[in-house]
Amino acid sequence: MNKIIIGNLKMNTIASEFKVYAMSLATKTKNSKNEIVICPPFTHLTTAKEFLSGSKVKIGAQNIFDEEKGAYTGEISANMIKDAGATYVIIGHSDRRNKFKETDKFINRKIKSALANGLKVVLCVGENWQTRQNKQEYDFVRKQIDDDLKGIYENELESVLIAYEPIWAISTNKTAENRNISKKDINKMVDVIRKEIETQYSTKASEQIKVLYGGSVDLNNYKKILSNEFVDGAIIGGASLNVDNFSVIARETY
Ligand code: PGA
């Protein structure tokens, strides 16, 4: 089954490093059947466009602001990233929610702006360890989905992918203390997400929406995670920094 493999480079690489990365990724994945998306820092989007056009690899941005233009010093809009070559954008990543205090209302406005500009949205949701300990994880993620997708029409959902990224499983260091996520944990939450889409939209929408997993996916566990038929793909942070490792995951047949 073809999967969607998204690399999130976060705030890493300078343009010269990314140029080498992009050329290598294009070559190494040319026979892949998967949908591959790389999300570099904003400053490398045009480099990505230059070195990835004609390849299998699509380009994504890691964030946008919700307004089109104006006095928003330091911000970047949906049409700017589109113009720079992005067709995807990650919205609501836990780094943004936690470190930059982004609210569901703000995330909802950003999704609307991205969709209005014809971008595909990778909406990240997921609970922290405390919420899971309190057994509130399903309600928490349901509410994120409801709030983040408020006012989004069913036909627009075609351009929305949902990435379940439990905060406690993001970045390998944090999976210490025996907090490794199991296939059962992933499948249960994917099911909860689909059921919520069914409640808010329709059975058809719940069957069609792509649900990805993210959080410490690496060379050791990717086969187990991606061979799972319930999971449509993965968003990969740390392990995407090494182009060889990311390419192995991106070109595999699942
Ligand atoms: P990780 O990051 O693969 O390093 O856990 C995933 C993400 O933050 O999207």
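**Entry 1. Charged network**

I began with the charged side chains and found E127, R132, E137 and D185 linked in a network of salt bridges. I note that the model I am reading is a predicted one. I then looked up the total, and the count comes to 17 salt bridges.

**Entry 2. R97 and D148**

I took R97 with D148, whose side chains meet in a salt bridge at 2.8 Å, N to O. I located R97 in helix 4 (residues 94-99) and D148 in helix 7 (residues 137-148), so this pair ties together parts that are 51 residues apart in sequence. I next asked whether the two partners are buried or exposed. I recorded a relative accessible area of 12% for R97, which is buried. For D148 I recorded 0%, and D148 is likewise buried. The cut-off I applied is that buried means under 20% relative accessible area.

**Entry 3. D139 and R142**

I stayed in helix 7 and examined D139 and R142, which lie three residues apart there and are separated by about one helical turn. Their side chains meet in a salt bridge, with 2.7 Å from N to O. I checked the accessibility of each partner. D139, at 46% relative accessibility, counts as partly exposed. R142 also counts as partly exposed, at 29% relative accessibility.

**Entry 4. D232 and R194**

I looked up D232 and R194 and found a salt bridge between their side chains, 2.9 Å from N to O. I placed D232 in the loop between helix 10 (222-226) and strand 8 (233-236), and R194 in helix 8 (residues 183-200). The two residues are 38 apart, and I entered the pair as a link between distant parts of the chain. I found both D232 and R194 to be buried.

**Entry 5. Aromatic pairs**

I turned to the rings and asked how many aromatic pairs the structure holds. I found six aromatic pairs. One of the pairs I inspected is F18 with Y21: the ring centres are 5.9 Å apart and the planes stand at 20 degrees, so I entered the pair as stacked. I noted that F18 and Y21 are three residues apart in helix 1 (residues 15-28), separated by about one helical turn. I found F18 buried, and Y21 as well.

I then took up F65 and F106, whose ring centres lie 5.8 Å apart with planes at 65 degrees, so I entered this pair as edge-to-face. I traced F65 to the loop between strand 3 (57-61) and helix 3 (78-83), and F106 to helix 5 (residues 104-116), so the pair ties together parts that are 41 residues apart in sequence. I read F65 as buried, with a relative accessible area of 14%. I read F106 as buried too, at 18% relative accessibility. I also asked which residues form one aromatic cluster. I found that F65 and F106 form it together with Y72.

**Entry 6. Charges over rings**

I closed with charged ends placed over aromatic rings. I found the charged end of R96 over the ring of F100, at 4.0 Å from the ring centre. I found the charged end of K188 over the ring of Y138, at 5.1 Å from the ring centre.

Methods
Residues numbered from 1 in each chain as written. Predicted model: local features only at pLDDT ≥ 70, side-chain atom pairs only at ≥ 80, totals over all residues. Heavy atoms only, no water. Salt bridge = Lys/Arg side-chain N within 4 Å of Asp/Glu carboxyl O. Helix = DSSP H or I, 4+ residues; strand = E, 2+ residues; numbered from the N terminus. Buried < 20%, exposed > 50% of the residue type's maximum accessible area, 1.4 Å probe, protein only. Phe/Tyr/Trp six-rings, centres within 6.5 Å; stacked < 30°, edge-to-face > 60°. Lys NZ or Arg CZ within 6 Å of the ring centre and 35° of its normal.
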